[in-house]
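Please work through the exercises below with the sequence and the model side by side. Each task is followed by a solution in steps.

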Amino acid sequence: MYCNLCGNREDNTRMFKINICRECFAEITSLSPIDDDYEKYMNLIRLILSYYISPRAQLNPVN
Ligand SMILES: [Zn+2]
């Protein structure tokens, strides 16, 4: 299984309906609101949650 965030294929965790590698998971969980990447990852988390809410949602969130 490939990480749905970065495409790496290693140590993936199944979180909600997506696969996420340990590296991405660690990055997300260690972010703080002052981090430059915070906004970027919040968008990813929203995407993840949208998968959870709508399991059949497509990869492309833009309609
Ligand atoms: Zn990853």
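The exercises concern a predicted model and proceed from overall confidence to single residues.

**Exercise 1. Confidence**

Determine the mean pLDDT of the protein and identify which elements have the lowest and the highest mean pLDDT.

Solution. Step 1: the mean pLDDT of the protein is 74. Step 2: a pLDDT of 70 or more is reached by 73% of the residues. Step 3: among the elements, strand E1, covering residues 12-15, has the lowest mean pLDDT, at 69. Helix H1, covering residues 22-29, has the highest, at 82. Step 4: where pLDDT is low, one should not read the predicted coordinates in detail.

**Exercise 2. Elements and overall burial**

State how many helices and strands the protein has, in what order they run, and what percentage of residues count as buried.

Solution. Step 1: the protein contains two helices and two strands. Step 2: read from the N terminus, their order is β-β-α-α. Step 3: the protein has 63 residues, of which 6% count as buried. Step 4: of the contacts between residues at least 6 apart in sequence, 21% join residues at least 24 apart.

**Exercise 3. Cys 3**

Decide whether Cys 3 is buried or exposed, and list its contacts beyond its neighbours within four places in sequence.

Solution. Step 1: Cys 3 is located in the segment before E1. Step 2: the cut-off for a buried residue is 20 or more other C-beta atoms within 10 Å. Because Cys 3 has 20 such atoms within that distance, Cys 3 is buried. Step 3: with neighbours within four places in sequence set aside, Cys 3 is in contact with Asn 8, Asn 12, Asn 19, Ile 20, Cys 21 and Cys 24. Step 4: the C-alpha atoms of Cys 3 and Phe 25 are 10.0 Å apart, with their positions 22 residues apart in sequence counted as separation.

**Exercise 4. Two arginines**

Classify Arg 14 and Arg 22 as buried, partly exposed or exposed.

Solution. Step 1: Arg 14 belongs to strand E1, whereas Arg 22 belongs to helix H1. Step 2: a residue with 12 or fewer other C-beta atoms within 10 Å is exposed. Arg 14 has 9 and is therefore exposed. Step 3: Arg 22 has 13 C-beta neighbours inside 10 Å, so Arg 22 counts as partly exposed. Step 4: the C-alpha atoms of Arg 14 and Met 1, 13 residues apart along the chain, lie 9.4 Å from each other. For Arg 22 and Glu 10, 12 residues apart along the chain, the C-alpha separation is 7.9 Å.

How values were computed: Residues numbered from 1 in each chain as written. Predicted model: local features only at pLDDT ≥ 70, side-chain atom pairs only at ≥ 80, totals over all residues. pLDDT = per-residue confidence, 0-100. Helix = DSSP H or I, 4+ residues; strand = E, 2+ residues; numbered from the N terminus. Contact = placed C-beta atoms within 7 Å.
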